[in-house]
Amino acid sequence: MTHGIRVDSHTPRRDSDGGPRDTAARYALLPLRIFLGVTFVYAGLDKLTDNAFLKDSGAGSIGDMMSVVRDSSAIPALVDMALESPVGFGYAIAFGELAVGIGTLLGLLTRVAALGGALISLSLWLTVSWAAEPYYYGNDLPYLMAWIPLILAGAPLLSVDAALRARCRRGSF
């Protein structure tokens with residue numbers, strides 16, 4: 001007996017009845033999209049509105065945080081690069097988180113946004129939370145793993161991407 005391979009994650013299986021299981025499968029990524037989108041928008045806004053964070057030095061500054069984690073990071077050269085312009089790096093992270101969060105929430109260029117979120121999470125894991133022991137105490141690794149389903153599947157429902165795909169299929173675009 002052979003089994004068909006589903007190539008489109010939002011269509012019902014051939015042998016399905018379109019019931020609750022299929023509905024749940026179609027909407028499975030939506031809670032993840034909402035969580036990651038809201039979290040990254042919040043993180044970006046939090047950084048941009050924190051008077052202490054976007055400074056070269058001082059308590060709570062990006063500069064001090066990067067100096068503290070430099071020797072315990074997996075890639076000290078990455079931290080050194082950020083320390084050349086800590087305020088610029090802080091703005092880049094904050095605006096990157098905002099762009100990723102908004103793209104994820106809207107489902108706009110979702111795979112690109114998810115890749116951006118994964119890269120931000122990876123860079124933070126390799127620098128800021130690398131020394132967390134045991135490793136699962138560092139929160140950036142789970143975020144990195146959470147982005148992978150969105151990189152692979154995108155946003156098949158309730159998204160700008162899906163609306164644009166549907167419009168292209170109808171030939172009205």
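## Exercises on a helical chain

Asp 71 is exposed, with a relative accessible area of 67%; exposed means over 50%, buried under 20% and partly exposed in between (1.4 Å probe, protein chains only). The model is predicted, so local features need pLDDT of at least 70 and side-chain atom pairs pLDDT 80 or more, while totals for chains, interfaces and linings use all residues. Residues are numbered from 1 along each chain as its sequence is written, and side-chain values use heavy atoms, leaving out hydrogens and water.

**Exercise 1.** Work out which residues are joined to Asp 71 in one salt-bridge network.

*Solution.*
- Step 1: apply the rule that a salt bridge is a side-chain nitrogen of Lys or Arg within 4 Å of a carboxyl oxygen of Asp or Glu. Asp 71 pairs with Arg 70, and their closest N and O atoms are 3.0 Å apart.
- Step 2: look at Arg 70, which is partly exposed at 26% relative accessible area. Its side chain also meets that of Asp 80 in a salt bridge (2.7 Å, N to O).
- Step 3: place this second pair. Arg 70 sits in the loop between helix H3 (62–69) and helix H4 (76–84), and Asp 80 in helix H4, so the pair ties together parts that are 10 residues apart in sequence. Asp 80 counts as partly exposed, at 30% relative accessibility.
- Step 4: join the pairs. Shared partners link Arg 70, Asp 71 and Asp 80 into one network.

**Exercise 2.** Find how many salt bridges the rule gives, and say whether Glu 97 and Lys 47 are buried or exposed.

*Solution.*
- Step 1: the count comes to 3 salt bridges.
- Step 2: one of them joins the side chains of Glu 97 and Lys 47, at 3.1 Å from N to O. Glu 97 lies in helix H5 and Lys 47 in helix H2 (residues 30–49), so this pair ties together parts that are 50 residues apart in sequence.
- Step 3: Glu 97 and Lys 47 are both buried.

**Exercise 3.** Describe the secondary structure, then decide how H6 and H7 are oriented to each other.

*Solution.*
- Step 1: helices (H or I, at least four residues) and strands (E, at least two) are DSSP runs, numbered from the N terminus. The chain has 8 helices and 0 strands.
- Step 2: helix H6 (residues 110–127) packs against helix H7 (residues 140–153) at an angle of about 160°, with axes 8 Å apart. Axes are lines fitted to C-alpha atoms, for helices over the stretch in contact, and angles run from 0 to 180 degrees between N-to-C directions.
- Step 3: angles under 35 degrees count as roughly parallel, over 145 as roughly antiparallel, 65 to 115 as roughly perpendicular and the rest as oblique. H6 and H7 are therefore roughly antiparallel.

**Exercise 4.** Locate the unusual backbone spots, using the phi of Leu 109 and Leu 158 and the peptide bond from Glu 133 to Pro 134.

*Solution.*
- Step 1: most residues other than glycine have a negative phi, and most peptide bonds are trans.
- Step 2: Leu 109, in the loop between H5 and H6, has a positive phi of about 50°. At 56% relative accessibility, Leu 109 is exposed.
- Step 3: Leu 158, in the loop between H7 and H8, has a positive phi of about 50°. Leu 158 is exposed, with a relative accessible area of 56%.
- Step 4: the bond from Glu 133 to Pro 134 is cis, with omega near -5°. Pro 134 belongs to the loop between H6 and H7.
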